[in-house]
Amino acid sequence: MRRLRIFTAITATSALLFAGCGTADPQSVTPAPGGSGGALTPIKLQLQWFYQAQFAGYIAAVDQGFYKEQGLDVQLLEGGVDIVPQTVLAQGKADYAVAWVPKALASREQGAGITDVGQIFGRSGTYQVAWKDSGITKAADLKGKKVGNWGFGNEYELFAGMTKAGIDPSKDVTLVQQQFDMQALLKKEIDAAQAMSYNEYAQLLEAKNPATGKLYTADDFSIIDWKAEGSSMLQDAVWANTEKLNDPGYQQQTVKFLVGTIKGWAFCRDNAEKCRDLVVAKGSKLGKSHQLWQMNEVNKLIWPATGGIGVIDDANWKQTVDISLTTKNQTGDTVLKKAPEGLAFTNDYINQAITAAKGAGIDVNGAGFQAAPVTLTEGGS
Amino acid sequence: MRRALYVLIGVAVCAVLWEGYKLVGSPDGAVLLGVRVLPRADDLSMPHLWTVVERLGRPELTGGRPVWIVVVNACLFTLGITAAGFAIGALVGLVLAALMQRFRIVERGLLPYVILSQTVPLVALAPLVAGWNVLWPGWMTVALIAAYLAFFPVAVGMLRGLQSPAPAGVELMRSYASGWWRTLVKLRFPASLPYLFPALRLAGAAAVVGAVVGEISTGTRGGIGRLIIEYSREATSDPAKVYTAMLGAALLGLLVAGLVSLLELPLMRHRRHVEVVTL
């Protein structure tokens, strides 16, 4: 009798176990980038977050076969809350990573051997958003206000902007740690909220104004754009492993990877809606209109690219490094303690890639790029 | 029958509390000396229950599947991870407990580390484990995190259980000249059952937490943890959506607790229940 009972228990446990194995299938299917032909080099690219239009160029390059043309089989790795792309790259768990320049430089200082080989986003997309009726239109207006910021190294453009405008961030404003949604601004708990042009700002415009029953519009808000305030820092860039860059094989592969990447982003410039669909098909939980907005805003951060997409502009790089060295956040920390040593960035590979892309008839400057207007719907769906 | 009634009453009380607070609470909540003591009762912070239920029925995205199907699928995925993590954790816990019971020196040496293991924050652990998934599919990483949380109550509870037989019983077994293994199977293991099952229930709950947090931390796609973080990003414009995912996670926890207590039904019918203090 007892034996029978123990048997029942074992059966129940193994049933639980099998349930565990059974659900594994959908997961293992997702990252496979479609059928691959013979001698493709497998490459892993670590993204900063879940699939969204911020990474549309890479997604399109995989989907449209731009990497495959270069002989690469690129697998995109989604980010997560605790996944730090530059660390993943430095540990050799990925071949390339997408990361913001200041954060990646901070990781470099702590010993991560990585190099910026392609500054895909030439401009910063960070805003500080306030209610229009608050009268806040520039950094200097933040004095005496409750200012939301994300912290975790996402706050330095704001702090540099305030410092530049003569505000002491530790005394003249009330700093509020902000969640990754915009509810605090909507509820007027804070006067100005940090927002990415391609994400959080759109969320504001997708929310319903309880007073009117309609969506908020751009007229309800005013924006402090750190590009205009001169405190913007470089964001999404492709980082490579510095040590491996000594290997001619990896050098070549880097150029090829960048050629595919350039083609992907050029494709998304010219086919924003198609790229939106590709991102949605990747299983993004953000709605279609939100993704199109994001695609459009991201395109604005890249195009027009006067020096060619991905080429690191010395002045922008210097500004980013200077702010990283001098601006203190509320705890008195700077991003960097000393100027980056070694090969922090190089234009060698992106220039080769641009030449190759031009040869293939790709417009690498997008001089005539015009952002299309996007109508957001409630909830972005 | 009566139990089902109590459950229903419990749910109803929660619903009444939620809606009641919305009715009487200030939309701006209450702030005392700069510290929020009462939450805001506006629709953005606390959507009406019927809004959440209605949101469950509407498509996740235009033309997509209804939210409830997405949530149920995500819960099933996480249930699988939880089950794997629970099984691994329980097994490791049992083996550790048996080792610690058998060798005093192992207990002295290992027990502090077993306790120490639970003070390592998951956020530090998750990125570390995340890199190992070259060896196995991504969900297994999350299952390991779940197992890491689940083994602890089993190891500690089971050790207490294995040590629970009275000295008279142990001496009796010795007088029969039975060895350690026989004593374990015939005396210690049956005696430990009342300690094991509460420990397993704790392990089940820990495995759910581990799976959900692990998914969030590593960004593993498919489960309810990932869904919570994805929906919470839309909290600005669609506040009811994130509650649907949280509801799913809560139901998943209840389901796992129920499944674990099913395990004990055939074994515990004639035994006394004891409260287990795990630390």
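Two residues count as in contact here if their C-beta atoms, placed from the backbone, lie within 7 Å. Keep that cut-off handy for the exercises below, and remember that this is a predicted model.

**Exercise 1. Find the partners of B:A146 that lie beyond its neighbours within four places in sequence, then place the residue in the nonpolar core.**

Start with the contact list. Once those sequence neighbours are set aside, B:A146 touches B:I81, B:T82, B:G85, B:F86 and B:G89. The list goes on with B:A207, B:G210, B:A211 and B:G214.

Now for the core. The largest nonpolar core holds 182 residues. B:A146 is among the residues with the most contacts inside that core, along with B:A150 and, from the other chain, A:A56, A:W239 and A:I262.

**Exercise 2. Sketch chain B: what are its elements, its dimensions and its domains?**

Count the elements to begin with: chain B has 10 helices and two strands. Next, put them in order. Reading from the N terminus, you meet α-β-β-α-α-α-α-α-α-α-α-α.

Then take the dimensions. The C-alpha trace of chain B spans about 70 × 50 × 45 Å along its principal axes. Of the 279 residues in chain B, 42% are buried. If you take the contacts in chain B with a separation of 6 or more, 72% of them link residues 24 or more positions apart.

Finish with the domains. Domain 1 of chain B covers 1-46 and domain 2 covers 48-264. Their C-alpha centres sit 29 Å apart.

**Exercise 3. Work out how chain A meets chain B: how many residues does each chain put into the contact?**

Do the head count: chain A puts in 44 residues and chain B puts in 43.

Now ask which elements of chain A are involved. Those giving two or more residues to the side that touches chain B are α1 (2-22), α2 (24-29), α8 (183-186) and α9 (200-205) of chain A. The largest share of that side comes from α1(A), with 10 residues.

Last, sort by class. The side of chain A that touches chain B has 16 nonpolar, 18 polar and 10 charged residues.

**Exercise 4. Lay out the five-stranded open sheet of chain A and pick out its edges.**

Write down the strand order: β2-β1-β3-β10-β4 of chain A, with mixed pairing. The edges are β2 (72-77) and β4 (114-118) of chain A, each of which pairs on one side only. On average, neighbouring strands of this sheet are turned by 30° against each other, direction ignored.

Zoom in on one pair. Strands β1 (residues 41-46) and β3 (residues 96-99) of chain A run parallel and are joined by two bridges. As for the partner of A:L45 in β3(A), that is A:Y96.

**Exercise 5. Split chain A into its domains and describe the contact between them.**

First the split: domain 1 of chain A takes in 41-122 + 234-369, while domain 2 is 126-229. The C-alpha centres of these two domains of chain A lie 26 Å apart.

The contact between them uses 16 residues from domain 1 of chain A and 14 residues from domain 2 of chain A. On the domain 1 side, α6 (101-109), α13 (288-302) and α14 (314-326) of chain A each supply at least two residues. α13(A) gives the most to that side, with five residues.

By class, the domain 1 side of this contact in chain A divides into six nonpolar, seven polar and three charged residues.

Note on methods: Residues are numbered from 1 along each chain as its sequence is written. Chains are lettered from A and ligands numbered from 1 in the order in which they are written. This is a predicted model: local features need pLDDT of at least 70, side-chain atom pairs count only at pLDDT 80 or more; totals for chains, interfaces and linings use all residues. Helices (H or I, at least four residues) and strands (E, at least two) are DSSP runs, numbered from the N terminus. Ala, Val, Leu, Ile, Met, Phe, Trp, Tyr, Cys and Pro count as nonpolar, Asp, Glu, Lys and Arg as charged, and the others, Gly among them, as polar. Domain bounds come from an automatic or database domain assignment. A nonpolar core is a set of buried Ala, Val, Leu, Ile, Met, Phe, Trp, Tyr and Cys residues joined through C-beta atoms within 7 Å. A residue is buried if 20 or more other C-beta atoms lie within 10 Å of its own, exposed if 12 or fewer, and partly exposed in between; C-beta atoms are placed from the backbone. Two strands pair if DSSP finds at least two bridges between them. Axes are lines fitted to C-alpha atoms, for helices over the stretch in contact, and angles run from 0 to 180 degrees between N-to-C directions.
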